[in-house]
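Q: Could you take me through the salt bridges in this one, and then show me what the nonpolar core is built from? I'd like a close look, pair by pair.

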Amino acid sequence: MDDEYKMKIEIDNREPSWKRWILPIENYLLPEQCDDLIRIGRSLPPEQSQIGDAKIQSHDTKIRKSAITFIPPKPEYKFLYDRLLFDIHKINRDHFNFDNIGMVEAPQYSEYFKDGHYSWHPDSEMNGVNNAVIRKISMTLLLNDPSEYEGGDFEILEQGKKIPLKRGDAVFFASFLIHRVTPVTKGVRQSLVQWFTGTPFR
């Protein structure tokens with residue numbers, strides 16, 4: 001095969017240099033906006049965090065231990081849905097370029113108390129067989145100041161290290177990346193999680 005033709009094939013098959021699987025955004029929300037979301041999250045009935053797939057859900061504190069609540073799509077929370085949906089279209093267009101990104105799952109407010117954690121996991125199964133929806137981009141947003149707790153680091157296996165987050169910082173990442181929240185050893189870690197869905201990968 002001609003060397004020039006082989007080089008052209010190699011270049012054409014490379015991902016564009018602007019594409020990202022992990023996108024941290026500093027100061028995504030202001031402190032007062034974080035306070036509003038904490039207030040909303042704490043005003044709703046808490047649930048025990050679950051693990052599993054679309055068919056079977058279970059509670060296993062060895063894998064995941066946190067208190068969660070889902071912020072429903074009610075008129076008083078429309079501002080949050082509008083903000084996330086507006087932002088994800090630009091973020092996806094500029095950095096991920098996945099097909100048909102939308103938002104069909106409710107935002108999840110989470111609190112990790114002492115010993116709270118979430119072991120290594122992806123947000124979407126690699127084979128997609130048991131997924132209720134196809135999660136393509138995940139977001140975690142730190143709502144309180146890291147000085148209020150110890151431990152509770154957010155880590156992505158792809159990076160091999162923690163993603164440093166300050167209050168109001170968010171990180172958007174491909175949902176198939178394996179990630180975790182390390183155990184909280186003191187205080188409470190408060191966060192907002194959102195999954196953005198789309199048509200099957202192709």
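A: Here is a walk through the charged pairs, followed by the core.

Keep in mind that this is a predicted model. The count of salt bridges comes to 13, and three of them are worth a look here.

Start with Arg-42 and Glu-111, whose side chains meet in a salt bridge at 2.5 Å, N to O. Arg-42 sits in helix H2 and Glu-111 in strand S7, so this pair ties together parts that are 69 residues apart in sequence. Glu-111 has a relative accessibility of 7%, so it counts as buried.

Next, go to Glu-26 and Lys-166, another salt bridge, where the closest N and O atoms are 3.8 Å apart. This pair links distant parts of the chain: Glu-26 is in the loop between S1 and H2, while Lys-166 is in the loop between strand S12 (161-162) and S13, 140 residues apart. Glu-26 is exposed, with a relative accessible area of 57%. Its partner Lys-166 counts as partly exposed, at 41% relative accessibility.

For a local pair, look at helix H3. Lys-90 and Asp-94 both lie in that helix, four residues apart, which is about one turn. They form a salt bridge with the closest N and O atoms 2.6 Å apart. Both ends are partly exposed: Lys-90 has a relative accessible area of 47%, and Asp-94 is at 28%. Back at Glu-26, there is a bit more to add: salt bridges that share partners join Glu-26, Lys-166 and Asp-169 into one network.

Now for the core. The largest nonpolar core holds 44 residues, and those with the most contacts inside it are Met-139, Leu-141, Phe-172 and Phe-196. Elements that give two or more residues to this core include helix H2 (31-43), helix H3 (78-96), strand S7 (108-112), strand S9 (135-142), strand S13 (170-174) and strand S16 (189-197). Helix H3 gives the most, with six residues. So H2 and S7, which hold Arg-42 and Glu-111, turn up again among the elements that supply this core.

To see the packing up close, pick Met-139. Leaving aside residues up to four places away in sequence, Met-139 touches Tyr-28, Leu-84, Ala-170, Val-171, Phe-172, Phe-173, Leu-192, Val-193, Gln-194 and Phe-196. Two of those partners, Phe-172 and Phe-196, are also on the list of residues with the most contacts inside the core.

Methods. Residues are numbered from 1 along each chain as its sequence is written. This is a predicted model: local features need pLDDT of at least 70, side-chain atom pairs count only at pLDDT 80 or more; totals for chains, interfaces and linings use all residues. Side-chain values use heavy atoms; hydrogens and water are left out. A nonpolar core is a set of buried Ala, Val, Leu, Ile, Met, Phe, Trp, Tyr and Cys residues joined through side-chain atoms within 4.5 Å. Buried means under 20% relative accessible area, exposed over 50%, partly exposed in between (1.4 Å probe, protein chains only). Contact means heavy atoms within 4.5 Å. A salt bridge is a side-chain nitrogen of Lys or Arg within 4 Å of a carboxyl oxygen of Asp or Glu.
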